[in-house]
Amino acid sequence: MPPAWRVLLGYVRPYRRWLLLGGLLSLATGATGLVLPLAAKQLVDNLGDDRPVAGALVLMTALVFFNASVGALGTFVLRRTAESVVLTARRGLVSHLLRLRISAVDHTEPGDLMARVTSDTTLLRAVTTDSLVGAVTGALTLLATLVMMGVLDLVLLAVTAGVLGFAVLVIGLLVPRINRASKAAQESVGVMGAALERTLGALRTVKASGAEHREEEGLHAAAKESWRASVRAAKWSALAGNTAGMASQIAFLTVLAVGGARVASGAVEIGTLIAFLMYVFYLMMPIRELVSAVTEYQVGSAAVARIQEAHALPTEPERSDAPGAAAPLPTVGAQPRPAALSFHDVHFRYAPDLPPVHHGVSFEVPARGMTAFVGPSGAGKTTVFSLTERFYEPTEGFIRLDGRDIRDWHVAELRAAIGYVEQDAPVLSGSLRDNLLLGAPGAPDEQLREVLRTTRLDPLVDRLPQGLGTLVGHRGTKLSGGERQRVAIARALLRNPRLLLLDEATSQLDAVNEAALRDTVSDTARTTTVLVVAHRLSTVTMADRIVVMDSGRVQAVGTHTELLAIDPLYAELAATQFLSEA
Ligand SMILES: Nc1ncnc2c1ncn2[C@@H]1O[C@H](COP(=O)(O)OP(=O)(O)OP(=O)(O)O)[C@@H](O)[C@H]1O
C-alpha cells in the first residue's frame, strides 16, 4: 500500500490551486504577524526618543485588520478545499464499493464499510488543512520568525532554540503512540458500525427473540471501546500539544530573564527585547500548527489506511476490451431473443478454505422454455444462479450463455440479459415505482401496467393511497412477504430478460397467486428462457425439463413423469410432497 502522504496528495491534486491560494493567504496572515513586532519596536523606540507615533499606530491598526480579513479568507479557502478532498475520497470509495466482487462482500461487514465511507473520510478534512497546509505554512512561519529573532539577537535565539529542541524530542516520542491510538479509535468506529448494522438490520428478529438487552450490551461495549480508544488518542495528542505550549512559555520566561540581564548590561535595547518577546509569543502559532500537523497526520494516515484497505478489495472483472464501459440498459419495450445456457463440468468452492460446492456440474438449457432445479437443501442450486450472474467465478469448467463463454461478455451486458429474482426477494427502501424501475428506468408506462397485471400487483397499487409513489419502508417492510416477491418478479420482468432466474420465487405466495404466477412463468417461458429453483415440486411439475441436483452434482435431467420413473431421489422428493401420483 502506498504511504498515506502519497494517497493524500492524490486526493488533493485536483484542488492544488485552491490549496495553494489558501496556503498563500495563510502565509500572508503569518507575514503580517511578523511585521507587527517591528511596528511595535518602532512605536516603543519613537516613544523613547520623543518622536511622533501616529505613523506606527496607523501601520499597526492596518496590519491587525489585514491580518484578520486575510486570515478569515484563508481559513475559508482551506476549509472548502478540505471538504472537496472529503468529497473526492467519498465518491472514489462509493464507486469502488459498488463494483466489489460479491466474494469480497461476503468477507466484509457492511457497517464497517459504511464507517469507512462516512467517518474515515471525514477525518481527511483535518489532515488536509492542518497537516498538508499547516506543515508548510507552520514551517515557513517558524523559519521566518527564527530568522527575525536571529536578526534581533543571536544569544536570545540560541536560548529559545534550546528550549524548543527539547520539546521536539518529547513530541517525537509521543507520535507513534498517537498513531496507534488513532488507528484503534477508527477501527472501533468500524466495529461499532458493523454491530449497529447487525442489530438495526434485524430489529424485528432481535425483539422477537427478546434479545434487546444482550444486543444493547454488545453495542454499549462497542461504544465504550470506541470511547476508550479515542480517549487514549486524545491523551497523547493533548500531551503533545501541551508540551509545545509549555515549551513556548518556558522560552518566553527564559528569554525574559536572559533578555532582562542583557538589557541591564546594555547588550540590547529594551525595544529589541520587547520585539523579541513578541516573536516568542508569535512562535506559538506555527509551533501549534506543526504539532497539530503531526498529530492530525497520524489520525489522517490511519483513516487513509482504512480507506485504502477498502480500495484494495477486489472489484468485478470486466471484459478486457471494454474496461469501464457504461452498463448497457435493457432493451425497452421490444421482446429480446431468448438465450440458451449451458454449464460445462463446472467445479466451484466459495473460498479456498471451504469445501467444494459444485463437483463438475454440466447441463444444457435450450433457448426458450422452463427449466426447474430441484434437490435437497445445500445441493448447490442457488449457486448455479450466482455463477450464471458471475457473482463468483468457477474454479474449473466454464459457462456459456447463448453459446458464448460468460467471461467474454461485458459483465453489465451479461446482467442486462438476465432477470434475477433472489431467494429472499429483496426490496429496497424508497417508493414502489423506484423498486420496480430499478433495473429498467426507461420502461414505458404501458409495459409497467402490463407487468403489474401479470404479477397481480395491480390491486395492491390501486389500494395504496399513493399508488406507485408509496414508500415501502426499509427493505420493503411495509409490504407482505408475497408482495415483496411479486415486486421482485415484476422488477425482473421489466428488464425484458433473455434469461429469467427465479430462486424460490413462489415460496411465499398463496395458492391463488401461486397458480396465477405459474401461468405468468409459463407465458414468459414461451418467449424467454426461464430457470426456476424450487423446493415445492407442485410449482415445477409442468416444467419442460427438471434438473435434479444432489451434493453439487447433476443427478438426472428429464420431465416430471420421466424422472418419477428413472430417478429415485426425485421419486422420493415427489413422494414426500404427495406428488407421485401427479
Ligand atoms: N456466500 C457463501 N459463502 C460460503 N458458502 C456458501 C455461500 N453461499 C452458499 N454457500 C454454501 O454452499 C452450499 C450450496 O448452497 P446453495 O445455496 O447453492 O444450495 P441450494 O441447493 O440452493 O440450497 P437451498 O435449497 O437450501 O437454498 C451450501 O452448503 C452453503 O452453505
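This report walks through a predicted model of one chain, from its overall shape down to a few single residues.

Some ground rules come before the tour. Because this is a predicted model, local features need pLDDT of at least 70 and side-chain atom pairs count only at pLDDT 80 or more, while totals for chains, interfaces and linings use all residues. Residues are numbered from 1 along each chain as its sequence is written.

**Overall shape**

Let's start with the whole chain. Its C-alpha atoms fill a box of roughly 120 × 50 × 45 Å along the principal axes. The radius of gyration is 35 Å, whereas a compact globule of 582 residues would come out near 25 Å (the radius is taken over C-alpha atoms, and the globule rule is 2.2 Å times the number of residues to the power 0.38). The chain splits into domain 1 (4-311) and domain 2 (341-576), with bounds from an automatic or database domain assignment. The centres of domain 1 and domain 2, over C-alpha atoms, sit 55 Å apart.

There are 18 helices and 10 strands, both read as DSSP runs numbered from the N terminus (helices are H or I, at least four residues; strands are E, at least two). Of the 582 residues, 39% count as buried. Here, buried means 20 or more other C-beta atoms within 10 Å of the residue's own, exposed means 12 or fewer, and partly exposed is in between, with C-beta atoms placed from the backbone.

**Annotated spans**

The unreviewed UniProt entry puts "domain: ABC transmembrane type-1" on residues 20-298. It also lists residues 53-78, 123-148, 154-175, 236-257 and 263-282 as "transmembrane region". Such annotations may be inferred rather than shown by experiment; feature names are shortened, and positions follow the numbering used here. Here is how three of these spans look in the model:

| Span | Helix | Strand | End C-alpha atoms apart |
|---|---|---|---|
| residues 20-298 | 92% | 0% | 23 Å |
| residues 236-257 | 100% | 0% | 31 Å |
| residues 263-282 | 75% | 0% | 21 Å |

**Cores**

Next, the inside. A nonpolar core is a set of buried Ala, Val, Leu, Ile, Met, Phe, Trp, Tyr and Cys residues joined through C-beta atoms within 7 Å. The largest has 69 residues, and Ala372, Val374, Ala490, Leu499, Leu501 and Val532 touch the most other members. Helix H15 (residues 481-493) gives this core its largest share, six residues. A second, separate core has 67 residues, including Leu123, Phe276, Val280 and Ala310.

**Around the ligand**

The shell around the ligand (C-beta atom, placed from the backbone, within 6 Å) includes Asp106, Tyr350 and Lys381. Helix H10 (residues 381-388) gives the most to this shell, three residues. By type, the shell has four nonpolar, six polar and two charged residues; Ala, Val, Leu, Ile, Met, Phe, Trp, Tyr, Cys and Pro count as nonpolar, Asp, Glu, Lys and Arg as charged, and the others, Gly among them, as polar.

**Three residues to look at**

Val548 sits in strand S9 (residues 545-550) and is buried because 24 other C-beta atoms lie within 10 Å. Val548 and Ala68 are 480 residues apart in sequence and 79 Å apart in space, C-alpha to C-alpha.

Phe66 belongs to helix H3 (residues 54-98) and counts as partly exposed, with 15 C-beta neighbours inside 10 Å.

Ser103 is in helix H4 (residues 102-106), and its 16 C-beta neighbours inside 10 Å make Ser103 partly exposed. The C-alpha atoms of Ser103 and Glu393 are separated by 9.3 Å, with the two residues 290 residues apart along the chain.
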